[in-house]
Amino acid sequence: MSIGVLALQGAFLEHCDILSAITHQPVLQVRTTDELSQCKALVIPGGESTTMSLVANRSGLLEPLREFCNDPSKAVWGTCAGMILLAKEASQTKKGGQELFGGMDIVVNRNQYGSQVESFQEDIQFNCLSTPDPVNGIFIRAPILHSYEANKGIIELGCLTSNPVDHAVAPQGHVVALRQNNKMCTSFHPELTRDTRLHVYFVEHIVNKLG
Ligand code: GLN
């Protein structure tokens, strides 16, 4: 079984490159139901969540993706737009909004860290990685975690220590990385740096521990 990277739009090549460098397991770009069925894990990249869900819908991949993301025996990691798609609810900035995949009991607000020009980088402290030095988080029109359901096994992996953008109100206190059983999300882009520790964490602590 492969580690898939959803390759409909966005920064999927960067995820593929890092995964191929850190594991000998096959890494597969996923664009079809058949490719998805060969995967035990899936990374949903950053990009544009509305586009990804529209393309998924038109290519018949939306329902298979929903099934995959809601299957407890599969590992899934969503980054930025991927975090939005993994949410069970997202605030919509345009009429109609987008279809979500679900899989994590989180509610997010899209684009709440600001517009493209308000993109920023900020250190994030993690306790679960191989070394304690902070991760450089790259935030590009990133979602804010609005809330998550208690008693659903959600753990906070990483948090911003200050409010990076004046207007950004985060009811949950700027938690930017979460895990719920075999599902994980980050509101920033770890694939755009040379730091591979989050990919290693996903593979070693989630994918390799699947039953
Ligand atoms: N704002 C984008 C969305 O709503 C996500 C941006 C990103 O992935 N960098 O999908």
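Me: Ala, Val, Leu, Ile, Met, Phe, Trp, Tyr, Cys and Pro count as nonpolar, Asp, Glu, Lys and Arg as charged, and the others, Gly among them, as polar. With that in hand, how do you know which classes the lining of the largest cavity has?

Reply: Bear in mind that this is a predicted model. Val135, Pro190, Thr193, Asp195, Arg197 and Leu198 make up the cavity lining. Val, Pro and Leu are on the nonpolar list, Asp and Arg are on the charged one, and Thr is on neither, so Thr counts as polar. That gives three nonpolar, one polar and two charged residues.

Me: What makes Gly103 polar in the lining of the largest pocket?

Reply: Just the rule: Gly goes with the polar residues. Gly103 lines that pocket along with residues including Cys69, Asp105 and Lys183. The whole lining splits into three nonpolar, five polar and three charged, around a volume of about 150 Å³.

Me: Why is the approach of Ser49 to the ligand called a polar contact?

Reply: A polar backbone atom of Ser49 sits 2.6 Å from a ligand oxygen. The cut-off for a pair of N or O atoms is 3.5 Å, so this pair qualifies. Ala81 passes too, with a backbone N or O atom 3.0 Å from a ligand oxygen, and Arg141 has one 2.9 Å from a ligand nitrogen. The protein buries 98% of the 300 Å² that the ligand exposes taken alone.

Me: What makes His189 part of the shell around the ligand?

Reply: One of its heavy atoms lies within 4 Å of the ligand, so His189 is in. By class, the shell has four nonpolar, five polar and three charged residues.

How values were computed. Residues are numbered from 1 along each chain as its sequence is written. This is a predicted model: local features need pLDDT of at least 70, side-chain atom pairs count only at pLDDT 80 or more; totals for chains, interfaces and linings use all residues. Side-chain values use heavy atoms; hydrogens and water are left out. On a 1 Å grid over the protein atoms alone, a cavity is a set of points where a 1.4 Å probe fits but cannot get out, and a pocket is an open set with protein on both sides within 12 Å along at least five of seven lines; lining residues have an atom within 4 Å of a point. Grid points are joined across faces, edges and corners, and a volume is the space filled by probe spheres set on the points. A polar contact is a pair of N or O atoms within 3.5 Å; within protein, one must be able to donate a hydrogen and the other to accept it, and residues adjacent in sequence count only if both atoms are side-chain atoms. Accessible areas come from the Shrake-Rupley method with a 1.4 Å probe; for residues, only the protein chains shown count as cover.
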